[in-house]
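Me: I'd like to go through this model with you and ask how its labels are earned. Could you set each value against its cut-off for me?

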Amino acid sequence: MSPKLSDKKLTVLGAGKLGGILLRAYLKQGLFVSNRVIATVKHAERAAALAKELGIAVTTDNREAVKGADIVLLTIKPQTVAEVLQEIALEIGADTLVVCVAASVPAGFVEQQLAAATSGRRDEMPVVRAMPNTPAAVHCGMTAICGGTHASAHHLDIARTMFDAVGRTIVLDEKHMDAVTGLSASGPAFAYIILESLAEGGVKVGLPRDVATLLAAQTMKGAASVVLETGDHPALLKDAVTTPAGCTIDGILELEEGKLRVTLIKAVVKATSRAGELLFEK
Ligand SMILES: NC(=O)c1ccc[n+]([C@@H]2O[C@H](COP(=O)([O-])OP(=O)(O)OC[C@H]3O[C@@H](n4cnc5c(N)ncnc54)[C@H](OP(=O)(O)O)[C@@H]3O)[C@@H](O)[C@H]2O)c1
């Protein structure tokens, strides 16, 4: 059974695109209750606008915001994580669960920053690293999570509940997190390019653009749903669509000549290796 979170106090540090998506889902579903949720951003005018939109307290004061929090969700940029952790370390409770979604930031980095900033007083903090994606906005997200040194099964259950609220969640070994970033976190951008290109094909053969986009989007959604629901290998499913000497095989020949497969493989490899670098940039 999923842990009940509505009596927990949640602090979201850096409620930008991703933090906003998660907050909207939590409040809409009642996973967390608005008077127990506080968020922070960098700019005061954004804080005011977000507070008005979501009906929660939003501030620019990270230190104040984490006081008394049961869960602190870090949705700031990777380059800002060290600075914010040093800022909040003395205010955060020893039992507070820290969930960090920043790309390329290992759970161990979060643990070390909190321990170092408190001269070891916060050296056993439960940390869960998570890598969601933006389809979370329509409850179709894919999130991988992994626990840090002091995260228990219960902590992972809490994090899972927080990401199940916006789609699917998988628990993985931390060594896979950069690959997850390169595949499912960057992946929606790759998929939009494929979808847009299919729609352009439809326009080229005479379909109105809105019809072509609908056909392309529903086709990609349908194909993905078949893979998820049947568990069948995509190659088998592709074979089932490809009639000998039919039209599909002619299209596939073009894809192979255009090196679609190798291009997509290389896109994921590049995005994965870039995912390992972000933390170390200013
Ligand atoms: N977007 C994705 O697809 C995606 C997917 C998986 C993981 N992530 C991870 O999620 C994190 C956020 O990404 P995003 O796309 O949501 O970025 P974003 O929209 O730029 O959000 C970052 C937020 O952090 C706030 N901020 C900056 N400095 C701060 C500080 N010192 N204290 C408190 N808040 C601060 C910003 O405030 P202002 O609004 O006032 O500028 C902004 O609201 C990143 O670490 C990224 O790696 C993103």
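Reply: Gladly; what follows is a set of questions and answers on a predicted model.

Me: Let's begin with burial. Why is leucine 31 called buried?

Reply: Leucine 31 has 21 C-beta neighbours inside 10 Å. The label needs 20 or more, so leucine 31 counts as buried. Leucine 31 lies in the loop between helix 1 and strand 2 (37–40).

Me: What does leucine 31 touch, leaving out residues up to four places away in sequence?

Reply: The contacts of leucine 31 are Leu5, Ser6, Tyr26 and Ala165. Alanine 165 is 134 residues away along the chain, yet its C-alpha atom is 7.9 Å from that of leucine 31.

Me: And serine 119: what makes it exposed?

Reply: Serine 119 has 10 other C-beta atoms within 10 Å. The cut-off for exposed is 12 or fewer, so serine 119 is exposed. Its place is the loop between helix 5 (107–117) and strand 6 (127–131).

Me: How do you know that alanine 245 is exposed?

Reply: The same reasoning applies: alanine 245 has 6 C-beta neighbours inside 10 Å, and 12 or fewer is the condition, so alanine 245 counts as exposed. This alanine sits in the loop between helix 10 (234–241) and helix 11 (248–257).

Me: What makes the phi angles of serine 119 and alanine 245 worth a remark?

Reply: Most residues other than glycine have a negative phi. Serine 119 has a positive phi near 50°, and alanine 245 has a positive phi of about 60°. Neither serine 119 nor alanine 245 is a glycine. Glycine 231, just after helix 9, also takes a positive phi, of about 75°.

Me: How do you know that the span of helix 9 is close to the expected one?

Reply: Helix 9 (residues 209–230) has 22 residues, and at 1.5 Å a residue the expected span is 32 Å. From first C-alpha to last, helix 9 reaches 31 Å, which is close to that value.

Me: Now the ligand: which residues come nearest, and what classes make up its shell?

Reply: Of the 27 residues around the ligand, Gly14, Gly16, Leu18, Ala102 and Ala103 come nearest. The shell has 13 nonpolar, ten polar and four charged residues. Its largest share, three residues, comes from helix 1 (residues 17–29).

Me: Last, how many residues does each domain give to the contact between them?

Reply: The domain assignment gives domain 1 (10–180) and domain 2 (187–275). The contact takes seven residues from domain 1 and four residues from domain 2.

Note on methods:
Residues numbered from 1 in each chain as written. Predicted model: local features only at pLDDT ≥ 70, side-chain atom pairs only at ≥ 80, totals over all residues. Helix = DSSP H or I, 4+ residues; strand = E, 2+ residues; numbered from the N terminus. Near = placed C-beta within 6 Å. Nonpolar A, V, L, I, M, F, W, Y, C, P; charged D, E, K, R; others polar. Expected span 1.5 Å × (residues − 1). Domains from an automatic or database assignment. Contact = placed C-beta atoms within 7 Å.
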